[in-house]
Each structure stands twice: as structure tokens, then as C-alpha cells.
Amino acid sequence: MHTDEYILKVEDIHKAFGANEVLRGVSFEVKKGETLVFIGSSGTGKSTLLRCINQLTPPDRGRVWLHGEEVTNSGKRINYFRQRIGMVFQNFFLFDHLTALKNVEVALIRVKGMSKEAAREKALAELRQVGMEDWAGHYPAELSGGQAQRVSIARALAMDPDVILFDEPTSALDPELTREVLEVMRTLAQQGMTMLVVTHEMGFACNVANRILFMENGVIAEQGAPTILLTDPQYSRVKNFIGQFLEYNGD
Ligand SMILES: Nc1ncnc2c1ncn2[C@@H]1O[C@H](COP(=O)(O)OP(=O)(O)OP(=O)(O)O)[C@@H](O)[C@H]1O
Ligand SMILES: [Mg+2]
């Protein structure tokens with residue numbers, strides 16, 4: 001078995017909500033250090049796909065593997081896999097009553113069983129990584145959206161995950177704050193973090209992604225390296241899709 005070649009393997013995922021067949025057989029593999037960007041129109045199942053990977057939404061069919069171990073049908077062990085697969089959402093999901101530092105610390109103490117001192121040291125290091133160390137003592141209400149999102153990235157990083165899933169991490173932010181969050185993500189990619197990113201930020205997709213996966217009608221309709229998708233006429237649908245956004249954002 002070549003179980004170590006891919007960090008994550010997603011195999012033939014199907015998911016319907018009633019008569020609405022959202023995912024109709026999605027398969028892909030992710031190598032260590034790769035950044036995959038998922039694009040596609042609203043309602044094509046991008047969020048559902050990310051949620052199927054860590055079983056927040058159990059798929060109807062198909063399997064997910066992390067380092068050759070099955071994540072689907074893993075029973076109580078799913079908690080272990082959820083530590084290994086970090087998640088960052090559009091709306092941050094920080095605890096309002098905890099400071100930035102405590103937001104990052106809390107899982108280190110409660111889930112990883114670290115001492116208070118060790119957790120604090122690690123949490124500060126993760127906040128430093130996202131440029132938020134000076135804000136450690138501030139509450140979420142005192143942070144900009146971009147700062148709050150960077151804290152939630154630090155929280156994900158603190159678990160030393162194998163892969164981080166980002167679901168539209170910047171779509172609640174205005175352009176300037178979007179830039180600072182994308183910059184943090186680009187640095188993580190350069191440092192070798194394995195990332196799956198759903199985003200409408202085509203500049204990020206084209207510059208940072210190893211592969212762009214275009215979802216349509218419940219499947220990955222086209223995929224490839226950005227340069228290939230943008231130049232090879234064979235990929236006209238994804239090129240048109242990306243083109244709309246580039247014109248839209250054009251300056
Ligand atoms: N819990 C749910 N119950 C019923 N239907 C759902 C549920 N979650 C998602 N859906 C439906 O599944 C479809 C895909 O939703 P999903 O959120 O995955 O799309 P998306 O590609 O992330 O869209 P967007 O770009 O708007 O975020 C939509 O039609 C949505 O209404
Ligand atoms: Mg979504």
C-alpha cells in the first residue's frame with residue numbers, strides 16, 4: 001500500500017439533502033504541502049464537501065482517508081481526526097468571552113492536556129506566526145475581522161494539524177483585511193502547510209494554489225495547475241469562471 005504518499009484521500013463522496021443531490025461522486029488526493037483551491041458557483045457543494053471531509057456532515061457514500069487511516073466510519077476516533085484536520089470558517093467562531101490568547105490556549109489545555117505554561121507559550125508562538133502576538137490580551141469584540149480571522153487561524157495551527165480546511169475565510173472581510181488574511185495563508189503555504197481552500201479570491205487561487213478544482217453539478221468538473229487552466233483551451237469552463245472574477249475585481 002502507498003498509504004504515505006497522500007496525506008488526504010477523498011474517494012467517491014456522495015451527499016444529498018432530500019432530493020437535492022449536492023455531491024455526486026467527488027474524488028481527489030492531496031499530497032503533503034499542497035494547497036488546493038476549490039471554486040464554483042454558489043450552491044455547488046463546496047462547503048458540504050469540506051464538512052464531509054471531517055464528518056461534520058456525514059457523506060451518504062464514499063470514503064475519506066488521512067495518512068491511510070479511514071476517517072469515515074471511524075466512530076469515536078473521529079475526535080482524533082478532527083484534531084488532525086483543522087478548520088477555519090468565514091465567521092471565525094471565536095469565543096467572545098475569551099481573549100485572543102485564551103481562544104488559542106483553550107484546546108491545548110482541554111484537548112491536548114498541556115500545562116497552562118506550555119499552552120501559553122505555544123499559543124503565543126502561533127499568534128506570532130499570524131502577526132497577532134501584540135493582541136493576545138484583547139477580546140474578539142476589540143479586533144477587526146481580519147485580526148479575528150488571523151486568531152482563528154492561529155487556533156487551528158495550535159493543534160499542529162496535518163491539513164487545514166478553509167471555507168471562504170475572507171468573504172466576510174473588506175478588501176484590505178482580506179489581503180492581510182490571504183498574506184498569512186500564503187506564508188503558511190510557503191512553509192509547507194497542507195491546505196484546502198474554498199475561496200472566490202482568484203488572485204490567491206492563481207498565485208498560491210498548486211491545483212484549482214472547479215466544482216459544477218456535484219462533481220469536480222475540471223482541475224489542474226492554475227497556469228494550465230488559464231492557458232489550455234481544453235479548460236474553457238473554469239477559465240471563463242475565473243475570468244468573470246478577474247474582470248469583476250479588475251483594477
Ligand atoms: N444542512 C443542510 N440541509 C439541507 N440542505 C443543505 C444543507 N447544507 C447545504 N444544503 C444545500 O446543499 C447545497 C450546497 O450547499 P453548500 O453550502 O455546500 O454550497 P457552496 O458551494 O458552499 O455555496 P456557497 O458558495 O454559497 O457557499 C445548497 O443547495 C444548500 O442549500
Ligand atoms: Mg459555502
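Which side chain meets Arg 128 in a salt bridge? The partner of Arg 128 is Glu 133, at 3.1 Å from N to O. Arg 128 is partly exposed at 48% relative accessibility, and Glu 133 is partly exposed too, at 30%. The model described here is a predicted one. The account below takes the two sheets in turn, then the helix that touches both of them, the ligand, and finally the other salt bridges.

The first sheet is open and has 6 strands, in the order S6-S7-S8-S3-S9-S10, with mixed pairing. Strand S6, residues 85-88, and strand S10, residues 219-224, have a single partner strand each, so they form the edges and one side of each has no neighbour in the sheet. On average, neighbouring strands here are turned by 20 degrees against each other, with direction ignored. Strands of a sheet pair through backbone hydrogen bonds, in either a parallel or an antiparallel sense. At the S6 edge the sense is parallel: S6 pairs with strand S7, residues 163-167, over 4 bridges. Within that pairing, Gly 86 stands opposite Ile 164 in S7.

Two helices that pack on this sheet can be followed next. Helix H1, residues 46-53, touches strand S3 (35-39), S6, S7, strand S8 (195-198) and strand S9 (211-216). The direction of H1 makes about 150 degrees with that of S7. Helix H6, residues 175-190, touches S3, S7 and S8. The direction of H6 makes about 150 degrees with that of S8.

The second sheet is also open, with 4 strands in the order S2-S1-S4-S5 and antiparallel pairing. Its edges are strand S2 (20-30) and strand S5 (69-70), each of which pairs on one side only. Strand S4, residues 61-66, pairs with S5 in the antiparallel sense over 2 bridges, and Leu 66 stands opposite Glu 69 in S5.

One residue of this sheet shows how separate stretches of the chain come together. Glu 11 lies in strand S1, residues 8-17. In sequence Glu 11 and Gly 62 are 51 residues apart, yet their C-alpha atoms are 5.5 Å apart in space. Apart from neighbours within four places in sequence, Glu 11 is in contact with Val 26, Ser 27, Gly 62, Arg 63 and Trp 65. The relative accessible area of Glu 11 is 29%, so Glu 11 is partly exposed.

H1, already met on the first sheet, also lies across S1, S2 and S4, and runs at about 60 degrees to S2. How many of the residues of H1 are buried? The count is 6 of 8, and the helix is mostly covered. The buried residues are Lys 46, Thr 48, Leu 49, Leu 50, Cys 52 and Ile 53. After H1 comes Gln 55, whose phi is positive, near 70 degrees.

Some residues of H1 also belong to the surroundings of ligand 1. Those surroundings include Lys 46, Ser 47 and Thr 48, and before them in the chain Ser 41, Ser 42, Gly 43, Thr 44 and Gly 45. Phe 17, Asn 20, Val 22 and Glu 168 also surround the ligand. Polar backbone atoms approach ligand oxygen atoms at Gly 43, with a distance of 2.8 Å, and at Thr 44, with a distance of 3.2 Å. From Thr 48 a polar side-chain atom lies 2.5 Å from an oxygen atom of ligand 1.

The salt bridges remain. Side chains of opposite charge can pair when their charged atoms come close. The model has 17 salt bridges. One of them joins Asp 160 and Lys 122, at 3.1 Å from N to O. This pair links distant parts of the chain, 38 residues apart: Asp 160 is in the loop between helix H5 (145-158) and S7, and Lys 122 is in helix H4, residues 116-129. Asp 160 is partly exposed, at 41% relative accessibility.

Two further examples involve residues of the second sheet. Glu 69, opposite Leu 66 in the pairing of S4 and S5, forms a salt bridge with Arg 77, whose closest N and O atoms are 3.0 Å apart. Both partners are partly exposed, Arg 77 at 38% and Glu 69 at 30%. Glu 11 of S1 is linked with Arg 63 and Glu 70 in a network of salt bridges.

Definitions and conventions
Residues numbered from 1 in each chain as written. Chains lettered and ligands numbered in written order. Predicted model: local features only at pLDDT ≥ 70, side-chain atom pairs only at ≥ 80, totals over all residues. Heavy atoms only, no water. Pairing = 2+ DSSP bridges. Axes fitted to C-alpha atoms, helices over the stretch in contact; angles between N-to-C directions. Contact = heavy atoms within 4.5 Å. Salt bridge = Lys/Arg side-chain N within 4 Å of Asp/Glu carboxyl O. Buried < 20%, exposed > 50% of the residue type's maximum accessible area, 1.4 Å probe, protein only. Near = heavy atom within 4 Å. Polar contact = N/O pair within 3.5 Å; in protein donor to acceptor, adjacent residues only side chain to side chain.
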